Amino acid sequence: MESISPFYSLTTEAKYAPPWQDLSIIGIAGSSGSGKTSVAMEIVKSLNLPWVVILVMDSFYKTLSPEEHRKAHANEYDFDCPDSIDFDLLVHTLQDLKKGKKAHIPVYSFAEHQRQPQTTTLYSPRVLILEGILALHDPRIVDLLDVKIFVEADMDVCLGRRILRDVRERGRDIDGIIKQWFDFVKPSYTRYVEPQRGISDIIIPRGIENKTAIDMVVKHVQRKLQEKSEQHTEELRRLGLLAAKVELPPNVHVLPSTPQFLGMNSILQDPATENVDFVFYFDRLAAILVEKALDMMPYVPKTIETPQGNKYAGLNPEGTVSAVAILRGGSCLETALKRTIPDCITGRVLIQTDENSSEPELHYLKVPSDIEDHSMVMLLDPQMSSGGAALMAVRVLIDHGVQEQRIVFVTCAAGETGLKRLTAVFPRIHVIVGRIEADGEPRWMEKRYFGC
């Protein structure tokens with residue numbers, strides 16, 4: 001499938017697609033006990049990347065009715081036919097992940113034979129491995145796959161593996177396992193599973209022992225990732241060139257160069273400044289930035305009665321304010337944040353730039369569960385140069401339900417091209433910036449602040 005370009009014409013509104021949009025999906029099908037999971041784990045191990053995820057189709061078993069639930073506990077329910085899988089939900093989940101959206105993965109209990117009320121959140125994988133006996137059954141899923149794999153093994157071997165797994169991991173008894181095997185598993189293999197062999201790209205006999213086939217898959221995925229990485233980096237460069245032709249919009253709020261402000265910056269940029277003084281003045285400067293950001297907060301009128309008995313027409317914050325720090329630099333701003341808003345809810349996002357490709361990469365994410373309901377979300381980063389990490393961080397917040405106009409990006413210093421690139425893609429966010437520095441300025445503030 002052709003990758004979606006992260007850039008569109010600036011004549012309307014520039015668009016940014018993060019690297020995990022249009023993720024690569026590998027489908028692995030095969031008989032129960034054929035070694036699908038082992039092959040999937042070997043692919044993950046060989047890729048050696050932090051954003052490869054295995055999605056097991058068993059999570060998408062349908063919720064059972066009371067009668068079906070009774071049959072399941074009596075080993076009389078067919079879990080190996082297509083009707084047992086919620087393919088509509090699975091397809092919708094894969095489509096969302098392909099678009100770079102957040103998805104909620106069901107949790108299924110094999111001991112209870114029932115889907116659990118809680119879900120697991122999945123966001124931003126670059127490679128997803130869909131593993132299940134019917135991974136290549138639904139044409140809608142096949143259309144989303146980049147690689148289709150069928151794992152083969154002798155059926156007697158498969159039965160032995162299934163017995164070991166179900167007794168050890170799922171608390172089943174051997175008689176029930178064998179009954180299910182001959183009543184449902186083996187007939188379903190002939191009717192539904194084996195036909196998938198004909199549409200697969202790669203057939204892997206002997207499972208994990210077939211190193212050659214696994215190596216072919218790994219190299220194919222690595223080529224796809226490299227192509228997407230190069231395209232993403234090139235489109236960021238093009239976006240910067242085009243955005244540089246426009247003026248800074250009014251939603252970029254640069255602090256005025258008052259004598260106090262210039263004095264603090266002089267201390268901060270002086271290499272001779274001791275660490276304790278640097279931290280003190282940085283916190284002062286950061287507090288001013290956070291206070292300015294609060295001007296972007298929506299407020300509602302509130303009339304109060306003063307101690308003198310007078311009426312005062314005041315304002316109250318409309319809702320909750322939270323902040324997400326772009327690690328590790330954003331942590332520098334948290335002391336000032338807590339001094340200004342002691343009860344502020346905070347989150348973390350770790351975005352690091354690959355030294356070889358200069359591409360920003362998402363490595364860690366933890367945001368408040370109800371962040372989409374907050375009236376304002378501050379995004380904290382002491383320095384912004386190219387804007388690549390900022391673009392990705394804003395995209396993350398939007399994908400988690402935060403409205404664009406409720407995001408306020410707070411930074412001590414930023415390059416003009418990065419600011420233009422960020423606001424061209426996200427014209428409704430507000431940016432609070434201490435000063436505009438030269439494009440390409442190396443990051444140094446967090447190193448001085450933390451002393452390392």
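**Aromatic rings, cores and a distant pair**

Tyr449 has a relative accessible area of 10% and is therefore buried, a label that stands for under 20% relative accessible area, with exposed meaning over 50% and partly exposed the range in between (1.4 Å probe, protein chains only). The model is a predicted one, in which local features need pLDDT of at least 70 and side-chain atom pairs count only at pLDDT 80 or more, while totals for chains, interfaces and linings use all residues. Residues are numbered from 1 along each chain as its sequence is written, and side-chain values use heavy atoms, with hydrogens and water left out.

Tyr449 belongs to one aromatic cluster together with Phe278, Phe282, Trp444 and Phe450. Rings of Phe, Tyr and Trp (its six-membered ring) are paired when their centres lie within 6.5 Å, and the planes make the pair stacked if under 30 degrees apart, edge-to-face if over 60 and tilted otherwise. By this rule the count is 6 aromatic pairs. One of them joins Phe280 and Tyr281, whose centres are 5.0 Å apart with 90° between the planes, an edge-to-face arrangement; Phe280 is partly exposed at 48% relative accessibility, and Tyr281 is also partly exposed, at 22%. Tyr449 and Phe450 likewise make an edge-to-face pair, because their centres are 5.3 Å apart and their planes stand at 85°. Whereas Tyr449 is buried, Phe450 is partly exposed, with a relative accessible area of 35%.

A ring can also have a charge above it. Arg126 lies over the face of Trp51, 4.8 Å from the ring centre, the requirement being that NZ of Lys or CZ of Arg is within 6 Å of the centre and within 35 degrees of the ring normal.

Of the 452 residues of the protein chain, 51% count as buried. The chain holds 13 helices and 17 strands, which are DSSP runs numbered from the N terminus (helices H or I, at least four residues; strands E, at least two). In soluble globular proteins, nonpolar side chains tend to be buried together. Here the largest nonpolar core (buried Ala, Val, Leu, Ile, Met, Phe, Trp, Tyr and Cys residues joined through side-chain atoms within 4.5 Å) has 36 residues, of which Leu55, Met57, Leu90, Leu94, Leu128, Leu130 and Ile141 touch the most other members. Two or more residues each come from strand 1 (24-30), helix 3 (87-98), strand 3 (103-109), strand 5 (127-131) and helix 6 (174-193), and helix 3 gives the most, with 5 residues.

Leu55 shows how this core is joined: leaving aside neighbours within four places in sequence, Leu55 is in contact (heavy atoms within 4.5 Å) with Phe60, Leu90, Leu94, Ile105, Leu128, Ile129, Leu130 and Glu131. Apart from this core lies another, of 34 residues, among them Leu362, Val377, Leu391 and Val402.

Across the protein chain, 71% of the contacts between residues at least 6 apart in sequence join residues at least 24 apart. Lys219 and Ser46 are 173 residues apart in sequence, yet their C-alpha atoms are 9.5 Å apart in space. Lys219 is placed in helix 7 (residues 211-243) and counts as partly exposed because its relative accessible area is 44%.

Finally, the count of disulfides, that is, pairs of cysteine sulfur atoms within 2.5 Å, comes to 0. Among the cysteines, Cys81 is buried at 13% relative accessible area, and Cys344 is buried at 4%.
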